Amino acid sequence: MIRYLLVPLALIAGSFVSVSSSSAAELELMVEIPQLNVSEYHRPYIAAWIHDGDQKVVANLAVWYQIKDKGSDVGTKWLPDLRQWWRRTGRSLTLPVDGVTGATRPPGQHTVSFSDDQPQLAQLKPGEYILMVEASREVGGRELLKIPFAWPGDQSQLHEVQGSEELGKVVLSIKP
């Protein structure tokens, strides 16, 4: 008898979890780093942030840079090469930023997800915004991609842009 009671209780508990998690708005960002056939390859530094219509930064989502040893600032000295990000917000940050900064990524597709209760999106008011994704690579080039979007929106959104050099496909998915 107890066996039959536990199964329905587990199903009921699971349904409460799914109801509470589905009510939050979510933002998912997929960034593709292309495999480049060059003689001297270095992983790119990448920054992703959101700004409003006045070009004011309202959220930093990710900053991937070279992290050597704890306490070492070897990788941070090249962050100004992410020119737009650096000028808009980077130089005023104290790095590392918990939940934002991390190590560079190898070629491939990399996804980061955020819900509206996380620090990056908690203060984001409903409105029109632009997602900025910038990449810079040593002995390489720079690239900046922009994706306009509405937050949180009435329905699911899927936005995609294609980079041409340092970035591949960048996909922004928003679920209300």
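**View 1. Q55 in the loop between β2 and β3 of the predicted model**. At 42% relative accessibility, Q55 counts as partly exposed, because the value falls between the limits of 20% for buried and 50% for exposed residues. The residue belongs to the loop that connects β2 (45-51) with β3 (57-65). Although Q55 is not a glycine, its phi is positive, at about 65°. Most residues other than glycine have a negative phi.

**View 2. V139 in the loop between β6 and β7**. A positive phi, near 55°, is also found at V139, again a residue other than glycine. V139 is exposed, with a relative accessible area of 54%. Its loop links β6 and β7, two strands that pair with each other in the antiparallel sense over 10 bridges.

**View 3. The open sheet of 5 strands**. The strand order is β4-β3-β2-β6-β7, and the pairing is mixed. β4 (101-103) and β7 (142-151) stand at the edges; each has a single partner strand, so one side of each is left without a neighbour in the sheet. On average, neighbouring strands of this sheet are turned by 15° against each other, direction ignored. Strand β6 covers residues 127-136, and within its pairing with β7 the bridge partner of I130 is P148.

**View 4. Surroundings of V31 in strand β1**. V31 lies in β1, which spans residues 26-33. With a relative accessibility of 2%, V31 counts as buried. Beyond its neighbours within four places in sequence, V31 is in contact with I46, W64, G108, Q109, H110, V133, L167, K169 and V170. The C-alpha atoms of V31 and T111 are separated by 6.4 Å, although the two residues are 80 apart along the chain.

**View 5. Cis peptide bonds at P96 and P152**. The bond joining L95 and P96 is cis, with omega about 0°. P96 is located in the loop between α2 (83-88) and β4. The peptide bond from W151 to P152 is cis as well, with omega near -10°; P152 lies in the loop between β7 and β8 (157-162). Most peptide bonds are trans.

**View 6. The whole protein, for orientation**. The secondary structure comprises 3 helices and 9 strands, which follow the pattern α-β-β-β-α-β-β-α-β-β-β-β along the sequence. Of the 176 residues, 38% count as buried. Among contacts between residues at least 6 apart in sequence, 62% join residues at least 24 apart. The accessible surface comes to about 10,600 Å², and 52% of this area belongs to carbon and sulfur atoms.

Notes. Residues are numbered from 1 along each chain as its sequence is written. This is a predicted model: local features need pLDDT of at least 70, side-chain atom pairs count only at pLDDT 80 or more; totals for chains, interfaces and linings use all residues. Side-chain values use heavy atoms; hydrogens and water are left out. Two strands pair if DSSP finds at least two bridges between them. Helices (H or I, at least four residues) and strands (E, at least two) are DSSP runs, numbered from the N terminus. Axes are lines fitted to C-alpha atoms, for helices over the stretch in contact, and angles run from 0 to 180 degrees between N-to-C directions. Buried means under 20% relative accessible area, exposed over 50%, partly exposed in between (1.4 Å probe, protein chains only). Contact means heavy atoms within 4.5 Å. Accessible areas come from the Shrake-Rupley method with a 1.4 Å probe; for residues, only the protein chains shown count as cover.
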